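Student: Got a minute to walk me through a structure? I'd like the plain version.

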Amino acid sequence: PVTPAPGVFMHTETAAKLNFENGQNTSIETPYGTITAPLNIVTNMAPGVVVLPRHHALEWHKLGPGEILLSPDQIKKV
């Protein structure tokens, strides 16, 4: 089976507030390191939530254990 490409998922409302565009590379800074992935803007999730599924092509261990709370300045355009 083909594995989907890695990506960050964000609601359209949240992306608009941050002035992000679909498909652009974004970086997420965590206490464990920075992860870069393309942005997928969607409507079928809650506003204010960012989802980065674990993917073998990403260094997802930099997310640390469990969920993390991010401030808008930790999510940037690349």
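Tutor: Here is a quick tour, from the overall layout down to single contacts.

Student: Sure. What kind of model is this, and how are residues numbered?

Tutor: It's a predicted model, where local features need pLDDT of at least 70, side-chain atom pairs count only at pLDDT 80 or more, and totals for chains, interfaces and linings use all residues. Residues are numbered from 1 along each chain as its sequence is written, and side-chain values use heavy atoms, with hydrogens and water left out.

Student: How many helices and strands does the protein have?

Tutor: One helix and five strands. Helices (H or I, at least four residues) and strands (E, at least two) are DSSP runs, numbered from the N terminus. Starting at the N terminus, the elements go β-α-β-β-β-β.

Student: And how compact is the protein for its length?

Tutor: The radius of gyration is 12 Å, close to the 12 Å that the globule rule gives for 78 residues, so the protein is as compact as a globular protein of that length. That radius is taken over C-alpha atoms, and the rule is 2.2 Å times the number of residues to the power 0.38. The C-alpha trace spans about 35 × 30 × 25 Å along its principal axes.

Student: OK, the sheet. What's the strand order?

Tutor: The five strands make an open sheet in the order E4-E1-E3-E2-E5, with mixed pairing. Strand E4 (50-51) and E5 are the edge strands, each pairing on one side only. Two strands count as paired if DSSP finds at least two bridges between them.

Student: Which way do E2 and E3 run relative to each other, parallel or antiparallel?

Tutor: Antiparallel, with six bridges joining E2 to strand E3 (residues 33-42). The link between E2 and E3 is a hairpin through two residues. As for partners in E3, asparagine 25 bridges to proline 38, threonine 26 bridges to alanine 37, and isoleucine 28 stands opposite isoleucine 35.

Student: What about E1 and E3?

Tutor: Strand E1 (residues 8-11) pairs with E3 in the parallel sense, over four bridges. There, methionine 10 has isoleucine 41 in E3 as its bridge partner.

Student: And E2 with E5, how many bridges?

Tutor: Three, in the antiparallel sense. Serine 27 has lysine 76 in E5 as its bridge partner.

Student: Lysine 76 sounds like salt bridge material. How many salt bridges does the structure hold?

Tutor: Two. The term means a side-chain nitrogen of Lys or Arg within 4 Å of a carboxyl oxygen of Asp or Glu. Lysine 76 pairs with glutamate 29, their closest N and O atoms being 3.1 Å apart. Glutamate 29 lies in strand E2 (residues 25-30) and lysine 76 in strand E5 (residues 75-77), so the pair ties together parts that are 47 residues apart in sequence.

Student: Are those two ends buried or exposed?

Tutor: In between: glutamate 29 is partly exposed at 30% relative accessibility, and lysine 76 is partly exposed at 36%. Buried means under 20% relative accessible area, exposed over 50%, and partly exposed in between (1.4 Å probe, protein chains only).

Student: Where's the salt bridge of lysine 17 and glutamate 13?

Tutor: Both residues lie in helix H1 (residues 12-18), four residues apart, about one turn of the helix. Their N to O distance is 3.9 Å. Lysine 17 counts as exposed because its relative accessibility is 66%, while glutamate 13, at 40%, counts as partly exposed.

Student: Switching to the inside. Which residues form the largest nonpolar core?

Tutor: That core has 12 residues, including Val8, Met10, Phe20, Leu39 and Ile75. A nonpolar core here is a set of buried Ala, Val, Leu, Ile, Met, Phe, Trp, Tyr and Cys residues joined through side-chain atoms within 4.5 Å. E1 and E3 are the elements that give two or more residues to the core, and E3 gives the most, with three residues.

Student: Leucine 52 caught my eye. What does leucine 52 touch?

Tutor: Not counting residues up to four places away in sequence, leucine 52 touches Gly7, Val8, Ile28, Ile35, Ala37, Leu58 and Leu63. Contact means heavy atoms within 4.5 Å.

Student: Last one: how much of the protein is buried?

Tutor: Buried residues make up 33% of the 78.
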